[in-house]
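Good morning, and thank you for joining this group meeting. I would like to take you through one structure, beginning with the chain as a whole and then turning to selected strands, rings and side chains.

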Amino acid sequence: MKKTMKYMLPGVAALLLAGCEHKELCYDHPHVVSLQVVFDWSEAPDADPESMSLYLFPKQGGEPQRYEFIGRSGGEIRVPAGSYDAVCLNSDTEGVVYRNTERHGTFEVSTRTTDLLASSITGLGVRSDNAPRAEGTEGERIAMTADMLWSDSGQDITLMESYEIPTVTFRPEISVCSYRVEITDAENLKYVKGLSAALSSMAGGVLPASGAASAERVTHPFEMRATDGDTGLEGELRVFGHCPDTQGRHTLIVYAILDDGNKVSYTYDAEEVTRQIHEAPDPQNVLIRLKGLPLPEPVPGGGGFQPSVDEWDEIDIGIEM
């Protein structure tokens, strides 16, 4: 959303400055002006951030300046006079990282690198090293799912000395997508110690200045849990989108650790997963529905849980016609 604001020096004040005996000192020191920042939540009325950040990018060049606000209302700050582009976003996040922060147009919100298996499995002492990856995604970074994010941007905000304190208003919007995965007709879930999943070829970040997803592709691990009387699975994750410029294929893999120590991965049909993502009626709220998870029964005399065993049984699950 483009915001153009210019606050000019009043005529009387300009005349007074013109007659200043020491006006040369005024050119030696940057003038600092007050600015009232307002966050208008009409585009996201249910938003509840604990804090907000504002980045001002000097149009004449130089390092961006960051200002922090407690709560969601905004407040008054002191800013060197000049012209700026701006990005605002909530700062009460844990897994979020910022990249290419030097310029307004390249400022990117991404997430930290993590393990392929979710904590529900790694907490059992199982390593991610040998867990199967979706075909063709071996080079993708394994990235944490996104925290809740609201953001907005502004351009050509020009601040000059004035008798009145100028106000700039931002209207943050939701900048992430919510995905939900539901799997029905699962078998033998009662014999499972740990479950997780991974969704491949998702956007690695978002550019708040334009609202566009970044070009990087990543794989997101997330936790799954049993539901519907141990015959179904469900899981949720937040993502930055699905790289619409490339229309890549997306693969879902479910990882299961069984009571007898066996490790099994189930890869769902990429065409079906991709279709449900790309054809979702609401790209910000995507539901992926799949069928079947043929977990085996424990092997008699299997010797109990053996987290040191590295081998995985890999099973492909196609579409039931």
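Let me begin with contacts, where contact means heavy atoms within 4.5 Å. Among the contacts in the chain with a separation of 6 or more, residues 24 or more positions apart account for 74%. Please bear in mind that this is a predicted model, in which local features need pLDDT of at least 70 and side-chain atom pairs count only at pLDDT 80 or more, while totals for chains, interfaces and linings use all residues. Residues are numbered from 1 along each chain as its sequence is written, and side-chain values use heavy atoms, with hydrogens and water left out.

The chain has four helices and 23 strands; helices (H or I, at least four residues) and strands (E, at least two) are DSSP runs, numbered from the N terminus. The chain has 321 residues, of which 45% count as buried. Here buried means under 20% relative accessible area, exposed over 50%, and partly exposed in between, with a 1.4 Å probe and protein chains only. About 16000 Å² of the chain is exposed, and carbon and sulfur atoms supply 48% of that area; accessible areas come from the Shrake-Rupley method with a 1.4 Å probe, and for residues only the protein chains shown count as cover.

I turn now to an open sheet. Its four strands follow the order E7-E8-E15-E16, with antiparallel pairing; two strands pair if DSSP finds at least two bridges between them. The edges are strand E7, residues 96-99, and strand E16, residues 212-213, each of which pairs on one side only. Strand E7 is joined to strand E8, residues 108-111, by four bridges, and Val96 has Thr111 in E8 as its bridge partner.

How many aromatic pairs does a search of the whole structure find? The search finds eight. Rings of Phe, Tyr and Trp (its six-membered ring) pair if their centres lie within 6.5 Å; planes under 30 degrees apart count as stacked, over 60 as edge-to-face and the rest as tilted. In one of these pairs, the ring centres of Tyr55 and Tyr98 are 6.0 Å apart and the planes stand at 85°, so the pair is edge-to-face. Tyr55 belongs to strand E3, residues 51-58, and Tyr98 to strand E7, so the pair ties together parts that are 43 residues apart in sequence. Tyr55 is buried, at a relative accessible area of 9%, whereas Tyr98 is partly exposed at 26% relative accessibility.

Another edge-to-face pair consists of Tyr255 and Trp312, at 5.6 Å centre to centre with 80° between the planes. Tyr255 sits in strand E20, residues 252-258, and Trp312 in the loop between strand E22 (285-294) and strand E23 (313-317), 57 residues apart. Both Tyr255 and Trp312 are buried. Returning to the earlier rings, Tyr55 and Tyr98 form one aromatic cluster with Phe57 and Phe107.

Strand E20 leads us to strand E21. These two strands pair in the antiparallel sense over five bridges, and Ile257 stands opposite Lys263 in E21. Together E20 and E21 form a hairpin with four residues between them, and Gly261 in the turn has a positive phi of about 95°. Strand E21 is also joined to E23 by five bridges, here in the parallel sense, with Asp316 in E23 as the bridge partner of Thr267. Why is strand E21 described as largely enclosed by the rest of the structure? Five of the six residues of E21, residues 263-268, are buried, so the description follows.

Next comes helix H4, residues 270-278, whose buried residues are Ala270, Glu272, Val273, Thr274, Gln276 and Ile277. Their cover includes strand E13 (177-187), strand E14 (192-203), E20, E21 and E22. At the N-terminal end, Asp269 caps H4, with a side-chain oxygen 3.1 Å from the backbone nitrogen of Glu271.

I close with a serine in strand E3, namely Ser51. Ser51 is buried, with a relative accessible area of 11%. The side chain of Ser51 makes a polar contact with the side chain of Ser91 at 2.7 Å. A polar contact is a pair of N or O atoms within 3.5 Å; within protein, one must be able to donate a hydrogen and the other to accept it, and residues adjacent in sequence count only if both atoms are side-chain atoms. Not counting residues up to four places away in sequence, Ser51 touches Glu68, Phe69, Ile70, Gly71, Asn90, Ser91 and Asp92.
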